[in-house]
Amino acid sequence: MNRIVIVCVEDEAEVREAVVRDLAPFKPLFRIEAAEDVEDALAVLREVAVDEEPVGLVLCDHLLPGKRGVDFLIDLQNNPAYQTTRKVLITGQAGLDDTVRAVNQARLNHYIAKPWQPADLQAVVRKELTDYVLATQDSLIPYIAILDGPRLLDAIAQRG
Amino acid sequence: MKPSITSGLGPTKTIGLVLAIFAFFVPFFITFENLSEPGHRVLGIFMMAVVLWITEAIPLHATASLIIFLCILLVSDKAMLPLPEGYKAPTYSSFFYSLANPVLMLFLGGFFLADGAAKYKLDKNLAKTLLKPFGQKPANIMLGLMLIVAVFSMFMSNTATTAAFMAVVLPVIARLPAGDRGRIALALCIPIAANVGGMGTPVGTPPNAIALGALNKAGIQISFIEWMVMIVPFMLIVLVVAWQLLVRLLPTKAETYTVEIDATYDRSPQAWIFYVTAAVTILLWFTEPLHGIQSAIVGFLPVVVMLATKLISDKEFHSMQWSVLWLVAGGIALGDGVGKTGLDTWMIGLIDWQDMAPGMIAGALCLVALLFSTIISNSATANLLVPIGISLATSPEIAISPVASAIFIAIGSSLAMALPISTPPNAIAYSTGQVQTKQMALVGGIIGVVGLLIFVFIAPVAWNMLGLLAD
């Protein structure tokens with residue numbers, strides 16, 4: 001089974017570490033990659049593509065050096081390879097315009113305002129990854145314990 | 001990020017693929033005594049199937065389609081290679097027919113009923129009603145759950161039943177303190193009951209269909225109700241043994257369990273159409289001796305009704321488990337190839353059976369099925385073993401009934417539940433994180449062995465007394 005990848009893009013080292021730390025519950029089944037800016041994130045995506053591992057979720061800050069987070073998410077949405085990827089913005093500084101663009105053009109799935117509570121972040125990630133797995137995976141069984149178990153069981157029962 | 005053919009092809013699968021190709025070609029270069037030329041070719045197909053079904057180098061149903069294709073190309077009347085004089089080649093269409101074998105139509109009927117039950121939440125509603133008399137005592141609740149799961153699993157897939165009822169017990173598990181062994185018992189009782197319940201009817205689980213399909217080919221018809229009469233009493237014994245095992249081995253400290261099932265009966269016209277269709281279908285299945293309409297024909301009733309009334313939408317129709325039907329069809333085609341080319345008599349001739357008691361042979365079949373399907377898919381196990389079992393039983397020097405032989409293999413496959421990989425229901429229980437492999441191995445292993453003993457040594461006595469093994 002190819003592991004599904006979670007990519008976090010955040011320029012501040014401390015914040016990046018905090019995100020990765022909060023994602024620990026997902027580590028047994030998912031590959032977690034951190035990037036410090038969009039360029040770095042693109043390098044990560046190339047590497048992941050070589051390993052043929054699908055990107056399930058991108059957690060992205062908006063105010064990054066170089067290209068902005070929202071523009072990165074829009075680029076992803078316009079790339080057929082990443083249309084099913086769930087896209088989440090974690091930011092304190094995206095203005096209304098940027099946020100609206102993210103919703104309309106990047107099909108943003110969730111907006112997390114900084115600062116966040118670990119439990120809230122985990123709940124959002126759990127929901128988004130469950131949506132991703134339901135939409136893309138043939139075998140749901142491995143994800144029951146870590147993602148939304150009742151929803152997955154329901155889907156398995158429906159699939160027969 | 002384009003998926004390539006090799007994507008996700010781990011080392012086991014690569015080795016499996018190479019080994020399968022090798023296994024396929026061996027009989028083309030080595031000549032075995034007393035085996036016909038077409039027999040050699042089917043031996044190649046058979047050995048390839050063994051490797052592919054064990055390693056799952058390609059999907060199980062892909063192997064099935066390959067078997068059908070190769071049988072047509074190599075041993076049918078349209079074979080691409082010359083066939084020897086005097087060999088009565090089966091028609092190519094007979095291999096294609098395996099995809100529409102009446103047993104598959106029966107199974108398809110089962111799919112429709114199961115889909116309807118899930119769609120209209122009939123499973124959860126009935127469970128809610130049926131669970132009430134079992135009160136609140138943990139042991140009683142568990143017995144109730146296991147009986148209900150087993151009954152549903154007789155008609156729905158073991159996997160779907162487990163998923164539906166695991167969702168029911170997870171909240172109960174969550175309310176128990178960490179370390180309470182009742183948690184493990186609850187998480188295990190659902191897949192065990194689903195695995196055991198699958199034995200109960202011809203549509204309960206694919207190995208049953210494979211056994212019935214092979215028996216049909218051998219000219220032996222077993223009705224829906226005959227199957228149930230033979231299996232259900234012993235299935236219930238196994239279930240009660242499993243229940244006692246769980247209660248004693250993994251006792252809970254809790255005084256009561258509260259199972260909350262959030263469901264209300266759907267009273268829409270569509271739901272009513274489904275309830276009536278399901279009731280009529282099952283009633284007709286149970287009363288075949290009275291009206292003589294074969295179960296496969298009855299099984300097509302819900303298919304027609306539910307498609308015509310759009311209870312099953314186009315989308316739902318497309319997303320049915322067709323791969324299961326193809327897998328069973330592959331087994332039927334393989335059995336056909338093995339039988340028609342004389343490969344069966346040759347394989348059986350390899351062992352001197354005369355020294356063995358019939359009971360020993362029956363036990364061995366069941367045990368081999370149990371061991372195989374602990375590791376590989378239950379259906380693949382049945383696909384590989386049933387043709388051998390049937391031809392063993394039809395050869396004159398061996399005193400074992402074909403019916404018992406096919407049934408033992410089907411039952412052996414269903415009794416395999418010692419590991420998370422043994423069956424999808426076990427995988428579900430394991431992946432909830434409530435059960436460890438060693439606990440599953442202990443409980444599942446004991447149930448497998450006890451079940452085998454019950455079926456091999458006690459069931460045939462009863463079947464003989466009732467005259468069920470007349471042929």
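## A buried lysine, a central strand and some backbone details

The backbone oxygen of Tyr82(A) lies 3.0 Å from a polar atom of the Lys87(A) side chain. The model is a predicted one. A second backbone oxygen, that of Thr85(A), is 2.8 Å from a polar atom of the side chain of Lys87(A).

Lys87(A) itself belongs to strand 4 of chain A, which covers residues 86-91. Is Lys87(A) buried or exposed? Lys87(A) is buried, and it forms no salt bridge. The nearest side chain of opposite charge belongs to Glu128(A), at 9.4 Å. A salt bridge would need a side-chain nitrogen within 4 Å of a carboxyl oxygen. Setting aside neighbours within four places in sequence, the residues in contact with Lys87(A) include Val58(A), Leu73(A), Leu76(A), Ala106(A) and Leu108(A). Gln77(A), Asn109(A) and His110(A) are also among the contacts of Lys87(A), as is Tyr82(A).

Strand 1 of chain A, residues 4-9, is mostly covered, with six of its six residues buried. One side of this strand carries Ile4(A), Ile6(A) and Cys8(A), the other carries Val5(A), Val7(A) and Val9(A), and both faces are covered.

Which strands are joined to strand 1 of chain A by bridges? Strand 2 of chain A, residues 30-35, runs parallel to strand 1 and is joined to it by six bridges. From strand 1 the chain passes through helix 1 of chain A, residues 13-22, to reach strand 2, and this β-α-β crossover is right-handed. Strand 3 of chain A, residues 55-60, is also parallel to strand 1, with five bridges between them. Cys8(A) illustrates both pairings: its bridge partner in strand 2 is Ala34(A), and in strand 3 it stands opposite Leu59(A).

Some loop residues have notable backbone geometry. Lys114(A) and Pro115(A) are joined by a cis peptide bond, with omega about -10 degrees. Pro115(A) sits in the loop between strand 5 (110-113) and helix 5 (118-136) of chain A.

Positive phi values occur at two residues that are not glycine, listed below.

| Residue | Phi | Loop |
|---|---|---|
| Glu52(A) | near 55 degrees | between helix 2 (38-50) and strand 3 of chain A |
| Asn34(B) | about 65 degrees | between helix 1 (11-29) and helix 2 (37-55) of chain B |

Glu52(A) has a relative accessible area of 27%, so it is partly exposed. Asn34(B) is exposed, with a relative accessible area of 74%.

Definitions and conventions:
Residues are numbered from 1 along each chain as its sequence is written. Chains are lettered from A and ligands numbered from 1 in the order in which they are written. This is a predicted model: local features need pLDDT of at least 70, side-chain atom pairs count only at pLDDT 80 or more; totals for chains, interfaces and linings use all residues. Side-chain values use heavy atoms; hydrogens and water are left out. Buried means under 20% relative accessible area, exposed over 50%, partly exposed in between (1.4 Å probe, protein chains only). Helices (H or I, at least four residues) and strands (E, at least two) are DSSP runs, numbered from the N terminus. Two strands pair if DSSP finds at least two bridges between them. A crossover is right-handed if, with the strands pointing away from the viewer, the path from the first strand over the helix to the second runs clockwise. Lys and Arg count as positive and Asp and Glu as negative; His and the chain ends are not counted. A polar contact is a pair of N or O atoms within 3.5 Å; within protein, one must be able to donate a hydrogen and the other to accept it, and residues adjacent in sequence count only if both atoms are side-chain atoms. Contact means heavy atoms within 4.5 Å.
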